[in-house]
Amino acid sequence: MWIFFVVLSMTVYFQKDTNLDQMKEKERVEYLKKSSKKVVKQYGPDYYRKVKPLIIERIVIGVRDSISAGWMRREHKGRAYYLVEFPYDPNYEYFHAGFAARAYFWADTGIVFQVVFGNGWGFVEIDQPEKYKDQERIMEYERQPPKKQEE
């Protein structure tokens, strides 16, 4: 009987929201690095890059924000999120989006809601399984050679 309560409490603990803005910076950065690595490897494993450092940015929707999509500005104006960007080596390959992958996390819950890849495509609303039913979908990768530098 006691094992049931241990399992139940662990399940509740791991599903609990994590307010990223209330975390200490070092703890938040580690959480975002670990979580973004996991989501990129899940949805587009061939886009995962170990190039350091990751770029982490906090954005408030609708406040001098040109990145957020229209649906975000309509439904979440004033809400903050963290963007975690995986850079790549432009001497090895080319991504027209300017990055290998990006993961987006709500600041108030710590939940990833979107992942975008260097090919310009991605998956939105992955935090809403009722809207995003295909959790097994993987973004295909095709290497593009680096762009030649103009002399």
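**Exercise 1. Find how much accessible surface the protein chain has, and what share of this surface belongs to carbon and sulfur atoms.**

Step 1. Keep in mind that you're working with a predicted model.
Step 2. The accessible surface of the protein chain adds up to about 10,400 Å².
Step 3. Carbon and sulfur atoms own 53% of that surface.
Step 4. Now look inside: of the chain's 151 residues, 37% count as buried.

**Exercise 2. Work out the order of helices and strands along the protein chain.**

Step 1. Count the elements: you should get 3 helices and 5 strands.
Step 2. Walk along the sequence and write down each one, which gives α-α-β-α-β-β-β-β.
Step 3. Check how far contacts reach. Take those between residues at least 6 apart in sequence; 50% of them join residues at least 24 apart.

**Exercise 3. Decide whether His76 is buried or exposed, and list what His76 touches.**

Step 1. Locate His76: look in the loop between helix 3 (70-75) and strand 2 (80-86).
Step 2. Buried means under 20% relative accessible area. His76 has 16% relative accessibility, so His76 counts as buried.
Step 3. Skip residues up to four places away in sequence, and the partners of His76 are Ile61, Trp71 and Trp106.

**Exercise 4. Explain how the salt bridge between Asp21 and Arg58 ties parts of the chain together.**

Step 1. Find the bridge: the two side chains, Asp21 and Arg58, meet at 2.9 Å, N to O.
Step 2. Place both ends. Asp21 sits in the loop between helix 1 (2-15) and helix 2, while Arg58 belongs to strand 1 (residues 55-60), so the pair ties together parts 37 residues apart in sequence.
Step 3. Check the exposure. Asp21 has a relative accessible area of 35%, so Asp21 is partly exposed. Arg58, at 43%, is partly exposed too.
Step 4. Put the bridge in context: the chain's salt bridges come to 4.

**Exercise 5. Describe the salt bridges Arg49–Glu93 and Arg79–Asp108.**

Step 1. Start with Arg49 and Glu93, whose side chains meet at 2.7 Å, N to O. Arg49 is in the loop between helix 2 and strand 1, Glu93 is in the loop between strand 2 and strand 3 (101-106), and their positions lie 44 residues apart in sequence. Arg49 and Glu93 are both buried.
Step 2. Move on to Arg79 and Asp108, which meet at 2.9 Å, N to O. Here the loop between helix 3 and strand 2 holds Arg79, the loop between strand 3 and strand 4 (112-117) holds Asp108, and the two are 29 residues apart.
Step 3. Compare with the cut-offs. Arg79 has 22% relative accessibility, so Arg79 counts as partly exposed. Asp108 is partly exposed as well, at 37%.

**Exercise 6. Name the lysines that form a patch of positive charge on the surface.**

Step 1. Pick them out: Lys33, Lys37, Lys41, Lys50 and Lys52 gather there.
Step 2. Zoom in on Lys33, which is part of helix 2 (residues 25-43). Its relative accessibility is 36%, so Lys33 counts as partly exposed.
Step 3. Follow the chain on from Lys52: the peptide bond from Lys52 to Pro53 is cis, with omega near -10°. Pro53 is in the loop between helix 2 and strand 1.

**Exercise 7. Say what stands out in the phi angle of Glu125.**

Step 1. Find Glu125 in the segment after strand 5 (122-124).
Step 2. Read the angle: phi is positive, about 55°, although Glu125 is not a glycine.
Step 3. Finish with burial. Glu125 has a relative accessible area of 18%, so Glu125 is buried.

Definitions and conventions:
Residues numbered from 1 in each chain as written. Predicted model: local features only at pLDDT ≥ 70, side-chain atom pairs only at ≥ 80, totals over all residues. Heavy atoms only, no water. Helix = DSSP H or I, 4+ residues; strand = E, 2+ residues; numbered from the N terminus. Buried < 20%, exposed > 50% of the residue type's maximum accessible area, 1.4 Å probe, protein only. Contact = heavy atoms within 4.5 Å. Areas by Shrake-Rupley, 256 points an atom, 1.4 Å probe, with all protein chains shown as cover. Patch = residues over 30% accessible without salt bridge, like charges linked within 9 Å, V, L, I, M, F, W, Y side chains within 5 Å. Lys, Arg positive; Asp, Glu negative; His and termini not counted. Charge placed at Lys NZ, Arg CZ, Asp CG, Glu CD.
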